[in-house]
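Student: Got a minute to go through a model with me? I'd like to start with the charged pairs.
Tutor: Sure, put it up and ask away.

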Amino acid sequence: MSAAEEIVTEAPAVEAVPKRAMTLGYGTSLVVLAALILIPLFVKNFIIFQMTMLLIYALAVMALNILTGGSGQFSLGQSAFYAVGAYTSAILMEHAGMNYALTLPIAGIVCFGFGFLFGQPALRLSGVYLALATFALATAMPQLLKLGYFEHWTGGVQGLVVTKPDAPFGLPLSQDMWLYYFTLAVSIAIYVASVNLLRSRSGRAFMAIRDNEIAASAMGVDVALYKTLAFGVSAGITGVAGGLGAIAVQFVAPDGYTIQLAISLFLGMVVGGVGWLPGSIVGSAFIIFVPNIAEGISKGLSGAVFGVLLFLVIFLVPHGARQVAIVAQQLAAKLKKN
Amino acid sequence: MELFANQVLAGIATGAIYACMALAVVMIYQAIDHLNFAQGEMAMFSTFVSWQLMQWGVPYWGAFVLTVAFSFAAGIVIERLLFKPLAKAPILTNVAGFIALYAIINSVAGLIWDFTIKQYPTPFGSSPFLGSQLISTHQAGMIGITLLMLLLLFFFFRFTRVGLAMRAAASLPESARLVGINTSWMIALGWGMASAIGSIAGMMIAPVVFLEPNMMLGVLIYGFAAAVLGGLTSPFGAVMGGFLVGIFENLVGTYIPGVGNELKLPIALALIIVVLVVKPAGLFGRAIVKRV
């Protein structure tokens, strides 16, 4: 309760990940990419749909990863940005009759603006306070979407139904498969852009702020600008993911974007490894499939099984999928030597 | 004017719920420097334990004492087993741990006692208090219990060796260790106390909101709002914050047109954000100065 606190005794909020450790090697990336392209050709439509959702959540998890792993800021409010993106896309498609592909950049820009503005008050907060403020945003969002004032646009509690697009140019693809490849293309573009962003001057500024804010500002980094920028970029990517999600699910409703979603995305990031972008897809798989597995093990206790699995991850591999990848790499190197 | 006075009184009555919860939130924040997102669920579980004891024929106050003791022990066990190994881990990992704990407790409680709403008895009765329709004897009793807890905490932290050691361990762990305080056990003690306070809060709240596994979600968010408003470093501030949030919520609902029940929660949350931005240390908290 004293007014001064020793900073040295504090564990860092987010551990420092060097920027080279943030991505996969070239060869591994190509293998993953090939798998993502080829698998849908051999599986049923429902599994293709699940893989689409996997990519969409991976995008959202990656957006959070840029914010937290990159610039060291927390957010338990990503579901709010996801909701804004989803509603932007849905409203543009249904009320303005716009092409689905064109709504995505607009959703991204709207969310970028929203995130940038929300980043302004968030500048004064850090650590647990920021988590709390974003938590508040996520809890308030469904209530705001239900408001009577916007009902004409948002459809109120009922939500909006979105039509699923057909494959263009008469391509012989089912709707699900077309949507999957469309999502894959968007995801790859955003992934490449994010990797480049983190390697750029701005990315280095993010990381400098994450590692030591005061030192960063002493080096001439505009802390306020880059912190809000990180929020904006993260929100923008989440918004695009939200728009894709609305198209894939064909439906938006306030209760689809509760705090539950924000918590899932947060867990996805922790499981995937904070600050390791490829881990996002592992984290996304965790949040999509593990609840199902938990339900399979025990219906009544699915929440408990989920919690226990989460604790196992935290205790056994505290750095998430990144740690697994590093161990695998070392093993491979050892095998090569022998 | 009478409407105003009545609304303030009704606000104090609901505020007592938030004050109870906020006290538990601040307690754990003092001990471990994190907000425990599973706090509400722990309180809910304790309340169910007391309900079960009463079903087995234990009288109210007997169940009350047993439950508080159980919660105290359970809090310490949870800390020793699950969170002590995470003490050096980043905050992120801890928050994930709280969420896992939340899921486990919620699901187990749902399995044992299922999700139907249950009546919960009150020791104070529910007749009007001093002839006022707005505040019942139970609510008055709840305010009394909250203030009593606050007083006991004040004396504990002010005048006992353990209380002093806990304060030392929370503010300067390194130095506290050098003078021979077992800081690790002080944290466990903090968990135990927070859990015990939470259980009292749960037993006081249950007659108002009814007993079910999800009863604490809304209350916990208001508890956070109250704790933030009063200042996360001050138990007194947390209680005052609870009453203020209750009053604020009622006045906004009465005087600002168009604010129905569905907007009450966003308003509490907007309050959190405004307070954090304008006065991050809260009304009664102390600003933390960091040495670099």
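Student: Which helix do Arg177(B) and Glu174(B) lie in, and how many residues apart are they?
Tutor: This is a predicted model, so keep that in mind throughout. Both residues sit in helix H7 (residues 173-178) of chain B, three residues apart, about one turn of the helix. They form a salt bridge, with the closest N and O atoms 3.4 Å apart.

Student: Is Arg177(B) buried or partly exposed? And Glu174(B), buried or partly exposed?
Tutor: Arg177(B) is partly exposed at 43% relative accessibility, and Glu174(B) is partly exposed at 40%.

Student: How many salt bridges does the structure hold over all chains?
Tutor: Five. One of them joins the side chains of Glu213(A) and Lys227(A), at 3.2 Å from N to O. That pair links distant parts of the chain: Glu213(A) is in helix H9 (residues 213-218) of chain A and Lys227(A) is in helix H10 of chain A, 14 residues apart.

Student: Why does Lys227(A) count as buried?
Tutor: Because its relative accessible area is 6%, and the cut-off for buried is under 20%. Its partner Glu213(A) is partly exposed at 37%.

Student: What does Arg80(B) form a salt bridge with?
Tutor: With Glu79(B), the closest N and O atoms being 3.1 Å apart. Arg80(B) is partly exposed at 22% relative accessibility, whereas Glu79(B) is buried at 4%.

Student: OK, new topic. How many disulfides are there over all chains?
Tutor: Zero. As for individual cysteines, Cys111(A) is buried at 0% relative accessibility, and Cys20(B) is buried with a relative accessible area of 0%.

Student: What about the largest nonpolar core: which residues touch the most other members?
Tutor: Tyr82(A) and Phe266(A), out of 195 residues in that core. The largest share of the core, 17 residues, comes from H1(B). Apart from it lies another core, of eight residues, including Leu55(A) and Met177(A).

Student: Which residues is Phe266(A) in contact with, leaving aside neighbours within four places in sequence?
Tutor: In chain A, Leu64(A), Ser75(A) and Leu76(A); in chain B, Leu92(B), Val95(B), Ala96(B) and Ile99(B).

Student: Now helix H10 (residues 235-255) of chain B. Why does its end-to-end distance agree with what it should span?
Tutor: At 1.5 Å a residue, its 21 residues should span 30 Å, and the end C-alpha atoms are 30 Å apart, so the two agree.

Student: What do the buried residues of H10(B) pack against?
Tutor: Four helices of chain B: H1 (2-32), H5 (137-159), H9 (216-230) and H11 (264-278). Among those buried residues are Gly237(B), Gly241(B), Gly242(B) and Gly246(B), along with Phe243(B) and Glu249(B).

Student: Which residues of chain B does UniProt list for "transmembrane region"?
Tutor: The unreviewed entry lists 12-32, 60-83, 95-115, 135-157, 185-209 and 265-289. In the model, residues 12-32 of chain B are 100% helix, with end C-alpha atoms 30 Å apart. Residues 60-83 of chain B are 100% helix too, and their ends are 32 Å apart.

Student: Last one: what is the phi of Asp114(B)?
Tutor: A positive value of about 45°, although Asp114(B) is not a glycine. Most residues other than glycine have a negative phi. Asp114(B) is in the loop between helix H4 (91-113) and strand E1 (128-129) of chain B, and is partly exposed at 38%.

Notes:
Residues numbered from 1 in each chain as written. Chains lettered and ligands numbered in written order. Predicted model: local features only at pLDDT ≥ 70, side-chain atom pairs only at ≥ 80, totals over all residues. Heavy atoms only, no water. Helix = DSSP H or I, 4+ residues; strand = E, 2+ residues; numbered from the N terminus. Expected span 1.5 Å × (residues − 1). Buried < 20%, exposed > 50% of the residue type's maximum accessible area, 1.4 Å probe, protein only. Contact = heavy atoms within 4.5 Å. Disulfide = S-S within 2.5 Å. Core = buried A, V, L, I, M, F, W, Y, C linked by side-chain atoms within 4.5 Å. UniProt positions renumbered as here; feature names shortened; annotations may be inferred. Salt bridge = Lys/Arg side-chain N within 4 Å of Asp/Glu carboxyl O.
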